[in-house]
Amino acid sequence: MELWVGFSAGRMEWNQQAEAIWRKFESSVVLPFTYSTFRAKAYAGPISGKAAAVLIGPGHPDFRRHEYARIVLDRQFLDLRDDQPFLTLLHESLHLASFQTYLATLHQAKRELVVHHDQCEELQGAELSKCQLAFLLADQLFEADAEFSLVTRYPDWAGARARFFVEMRRQSAAAPEPTLPPLLRGYALLAEMLRLELAALLVREDGDRDDVATLRRTIETAMLSLDPATRQQLDYLRVRLSPSRPDFTSLKDWGPDVYRETVGRIMSTPGSV
Ligand SMILES: [Zn+2]
């Protein structure tokens, strides 16, 4: 399987830099996944976040003849400091390792839904936000898995990763809130709540633990201001997507159904919510 690494927004002129970034990372770690050949290749579209990993296989619009793995870096990646670039690439590599093996069925479920929903970018306004939030919420299953996997497979890095994860939560709390209709705002709050639940499971230092507790209270309060029907819908999804589920370790079994149900529920909420 080939591995493509490059920047988003079609930045071909940064291909060399992308390759240098990858080579440096690769020389400093035992990779959790395998690949045959490397290609430095920019990705035409935008991505949300600092980096993204995807396995392109049959059914995906970018699939040609062979399956390949892709890591896309956003411009924001260049703002990362110290061990953050390493931790980000390790996280993306753990995603690829899971897509290739134990989460292949879950990843396939996502791929089919993405194709079915014609990729969010082609939508506009509230429909676009709804589509992005649907996948953002369902993707929290992959996010929790990758974080747990880092703790298990790279225990020496778990403390640094937890600090970085909490740092990202602080940044996200400081970011201006998007203006969204109430139910969609509820989904955005739930996505952050699930990340904070995950942060609470990862933190190791008292200062970080206190910050996570404070951030959780802020989101809880914001959720309480939503109407009861919205809260009921959010509570339903929260139980299913929670990284604290006692059966989280069997994600590969229950994940595909929960992924499909989450995206289906959110996509079928009326457009004017
Ligand atoms: Zn991730």
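How many bridges join strand 1 to strand 4, and in which direction do the two strands run relative to each other? In this predicted model, strand 1 (residues 2–7) and strand 4 (residues 68–73) are joined by 6 bridges, and the two strands run parallel. A handy place to pick up this pairing is Glu2, which sits opposite Tyr68 of strand 4.

Strand 1 also has strand 2 (residues 38–40) as a partner, again in a parallel arrangement. Here the link consists of 3 bridges, and Leu3 has Phe38 as its bridge partner in strand 2. Between strand 1 and strand 2 the chain passes through helix 1 (residues 15–26), giving a β-α-β crossover that is right-handed. As for the surroundings of strand 1, 5 of its 6 residues are buried, so the strand is largely enclosed by the rest of the structure. For readers following the side chains on screen, a general point may help: in a regular strand they alternate between the two faces of the sheet.

Attention now turns to a pair of helices. Helix 4 (residues 125–138) and helix 10 (residues 251–267) have axes that come within 9 Å of each other and cross at roughly 155 degrees. Angles over 145 degrees count as roughly antiparallel, so helix 4 is described as roughly antiparallel to helix 10. The crossing of helix 4 past helix 10 is right-handed. On the helix 4 side, the contacts are made by Lys130, Cys131, Leu133, Ala134, Phe135, Leu137 and Ala138. These residues meet Tyr259, Thr262, Val263, Ile266 and Met267 of helix 10.

Conventions
Residues numbered from 1 in each chain as written. Predicted model: local features only at pLDDT ≥ 70, side-chain atom pairs only at ≥ 80, totals over all residues. Buried ≥ 20, exposed ≤ 12 C-beta atoms within 10 Å, placed from the backbone. Helix = DSSP H or I, 4+ residues; strand = E, 2+ residues; numbered from the N terminus. Pairing = 2+ DSSP bridges. Right-handed = clockwise from strand over helix to strand, strands pointing away. Axes fitted to C-alpha atoms, helices over the stretch in contact; angles between N-to-C directions. Parallel < 35°, antiparallel > 145°, perpendicular 65-115°, else oblique. Left-handed = near helix turned anticlockwise from the far one by under 90°. Contact = placed C-beta atoms within 7 Å.
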